[in-house]
Amino acid sequence: MRQDARMIIKDKKLLIFDLDGTIADTLYSIRDAVNMCMEHFGFEERSYSEVRAAVGNGARLLILRSIPAEVAEDTERAEEIYKYFQTCYGITYNRIDGCYEGMYEAMTELHARGYTLAVLSNKPDAYVKGIISSLFDEGVIPIAMGETDLPRKPDPTAPLLIASELGAEPWQCAFIGDSEVDIKTAQNAGMTSVAVSWGFRDREDLLATCPDVLIDAPAELVSLFE
């Protein structure tokens, strides 16, 4: 953590979190759905590392990155596979053991301190709401938003809408996530970017995107947002 990190996050009131790779390791549930889909269409299964590299930009791109390149070029066929994946993920999406170690405690402590918490993910909206309701008590996270008809991250439309609905200006917000998409989202929205290294991207890749703050453990959130 940079020595001036606390100055950077001074006067924040709204903390917006990514979900996958930030709050919880959802990758096994995603991999299960991907491989259920791959098996159905006769493609090779994808490993944890392959799925890890493919996530972050929504389900459609995940599937395009997971199927053979020549199949991905066939728009009609790729759409058929994507729709089947959605069915698979509806079965597997909540196969999650819980938050990353220390993350539940950190977020509930921040809520108790008076910070407003929200979640924004490129995962389908219904699944985001279902996962968050299973992980946290009602009221801890007043807005949990996934993919809707709004542009997905890193477009700033959704985070700015969340900020407006929760009564915060962009400069009063921090966006916390594990990927270059999350850091770019914060930058596009005029929010402070907090990158976390325990998720789906390597530390070096995160540093290359120039986050305002980089932390290595959930407990650091508690010390950062004192």
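Among contacts in the chain between residues at least 6 apart in sequence, what share joins residues at least 24 apart? The share is 65%. Keep that number in mind while browsing the views below, which come from a predicted model.

**Figure 1. The whole chain, with its 12 helices and 6 strands.** With a radius of gyration of 17 Å, close to the 17 Å that the globule rule gives for 226 residues, the chain is as compact as a globular protein of that length. The C-alpha trace spans about 55 × 35 × 30 Å along its principal axes. Of the 226 residues, 50% are buried. On the outside, the chain exposes about 10,300 Å², and carbon and sulfur atoms supply 48% of that area. The chain carries 21 positive and 38 negative charges, and the mean positions of these two sets are 3 Å apart.

**Figure 2. Helix 9 and its buried face.** This view follows residues 157-165, which form helix 9. Look for A158, P159, I162 and A163, the buried residues of the helix. Seen down the helix axis, these buried residues fall within an arc of 140°, so they line one face of helix 9. Turned away from that buried side is the face that carries the exposed residues S164 and E165. Just after the helix comes G167, where phi is positive at about 75°.

**Figure 3. The surroundings of helix 9.** Here the same helix is shown with its packing partners. Its buried residues pack against four strands: strand 1 (14-17), strand 2 (116-124), strand 3 (143-147) and strand 4 (173-177). Helix 10 (180-189) is also packed against by these buried residues.

**Figure 4. A cis peptide bond between K153 and P154.** Take a moment over the backbone here: omega of the bond joining K153 and P154 is about 15°. P154 itself sits in the loop between strand 3 and helix 9.

**Figure 5. E180 in helix 10.** Is E180 buried, partly exposed or exposed? Its relative accessibility is 31%, so E180 counts as partly exposed. Leaving aside residues up to four places away in sequence, E180 touches R201, L206 and T209. A useful distance to check in this view is the one to A195: E180 and A195 are 15 residues apart in sequence, and their C-alpha atoms are 8.5 Å apart in space.

**Figure 6. N35 in helix 2.** Helix 2 covers residues 27-41, and N35 is found within it. With a relative accessibility of 10%, under the 20% cut-off, N35 counts as buried. Which residues does N35 touch, not counting those up to four places away in sequence? They are E45 and R46.

**Figure 7. C210, a residue with positive phi that is not a glycine.** The phi angle of C210 is about 60°. You will find C210 in the loop between helix 11 (203-208) and strand 6 (213-215). At 56% relative accessibility, C210 counts as exposed.

Technical notes:
Residues numbered from 1 in each chain as written. Predicted model: local features only at pLDDT ≥ 70, side-chain atom pairs only at ≥ 80, totals over all residues. Heavy atoms only, no water. Buried < 20%, exposed > 50% of the residue type's maximum accessible area, 1.4 Å probe, protein only. Helix = DSSP H or I, 4+ residues; strand = E, 2+ residues; numbered from the N terminus. Arc of directions from axis to C-beta. Contact = heavy atoms within 4.5 Å. Rg over C-alpha atoms; globule rule 2.2 N^0.38 Å. Areas by Shrake-Rupley, 256 points an atom, 1.4 Å probe, with all protein chains shown as cover. Lys, Arg positive; Asp, Glu negative; His and termini not counted. Charge placed at Lys NZ, Arg CZ, Asp CG, Glu CD.
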